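Dear colleague,

Here is the structure I said I would pass on. My notes follow below it.

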Amino acid sequence: MIFGFFKKNFVQNCIVGVLRAYLKLALKTTHWQLDIDAEAYPLLTCRYGEPALVVLWHEYLTLGSRLWWWGLSQNPELQFYVLISRNREGRLISQLIHPWQIQTVQGSSNKRGQDKGGAAAFRELLKLTKMGHVIAITPDGPRGPRRQCHEGILKLALLSKRKIVPMGASCRSFRLNTWDKLLIPLPFGKGKIICGKPMMVTRDNYDRIALEITSVLNEISSKAQR
């Protein structure tokens with residue numbers, strides 16, 4: 001029984017190691033063009049102590065590390081956190097990116113009365129962003145619907161008074177047959193990352209800004225693909 005436990009963990013660690021090595025190869029060998037809005041730059045790098053709330057569609061989650069590496073090159077003391085779910089997919093993502101100094105906060109919204117850690121994760125994110133750390137969130141995750149903005153990011157932006165920076169990305173890749181059409185980068189290609197103009201959530205625009213965020217994310221995602 002003990003041998004089986006260690007054997008299982010050894011196999012899992014090997015799989016995670018192979019996936020991490022491939023993802024790093026694909027991202028590092030891609031020739032990237034970064035289009036960063038002038039107002040977004042100081043937020044993404046915490047130049048003046050105010051961090052960004054980065055939002056990107058779940059399908060581009062595999063490309064988020066590239067933006068982090070860029071941010072770290074601009075500010076070596078930058079700290080970056082990603083919201084992930086507590087399910088098997090979330091645990092895999094956490095294992096993949098942890099060696100790259102990307103921290104994770106685990107939790108998602110409640111479903112069918114089951115506690116998925118969403119409330120605790122929200123409190124943790126609120127604390128982290130007030131401490132000056134950059135937060136990345138996929139507003140349509142973890143289970144969709146695809147490209148529909150959930151309310152959690154709006155509440156976080158409103159209470160923390162931090163600005164949302166929309167991110168779009170594309171590169172030579174293929175897509176998985178999953179709910180989000182997850183993009184898997186291929187090595188030795190070309191790619192583009194776009195970070196748009198920061199957006200502020202207020203009580204006055206709260207009821208309509210979800211549609212604005214959705215529209216902007218779709219627009220810059222299409223622009224990156226072109």
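**Serine 65 and its surroundings**

Leaving aside neighbours within four places in sequence, serine 65 is in contact with Leu27, Ile97, Trp100 and Ile102. Please bear in mind that this is a predicted model. Serine 65 belongs to helix α3, which covers residues 64-74. Its relative accessibility is 6%, so serine 65 counts as buried, the limit being under 20%. Between the C-alpha atoms of serine 65 and leucine 23 the separation is 9.6 Å, with these positions 42 residues apart along the chain counted as their distance apart.

**Nonpolar core**

The largest nonpolar core comprises 65 residues, and Leu44, Leu67, Ile164 and Ile213 have the most contacts inside it. Helix α7 (residues 206-225) supplies the largest share of this core, seven residues. In soluble globular proteins, nonpolar side chains tend to be buried together. For leucine 67, again without neighbours within four places in sequence, the contacts are Ile36, Leu44, Val54, Met167, Ile193 and Cys195.

**Nonpolar surface patch**

Phe10, Val11, Ile15, Leu19 and Leu92 make a nonpolar surface patch of about 440 Å². Its largest share, four residues, comes from helix α1 (residues 2-29). Leucine 92 is located in helix α4 (residues 88-97). With a relative accessible area of 31%, leucine 92 is partly exposed, because that value falls between the 20% limit for buried and the 50% limit for exposed.

Regards

Technical notes
Residues numbered from 1 in each chain as written. Predicted model: local features only at pLDDT ≥ 70, side-chain atom pairs only at ≥ 80, totals over all residues. Heavy atoms only, no water. Core = buried A, V, L, I, M, F, W, Y, C linked by side-chain atoms within 4.5 Å. Buried < 20%, exposed > 50% of the residue type's maximum accessible area, 1.4 Å probe, protein only. Helix = DSSP H or I, 4+ residues; strand = E, 2+ residues; numbered from the N terminus. Contact = heavy atoms within 4.5 Å. Patch = residues over 30% accessible without salt bridge, like charges linked within 9 Å, V, L, I, M, F, W, Y side chains within 5 Å. Areas by Shrake-Rupley, 256 points an atom, 1.4 Å probe, with all protein chains shown as cover. Salt bridge = Lys/Arg side-chain N within 4 Å of Asp/Glu carboxyl O.
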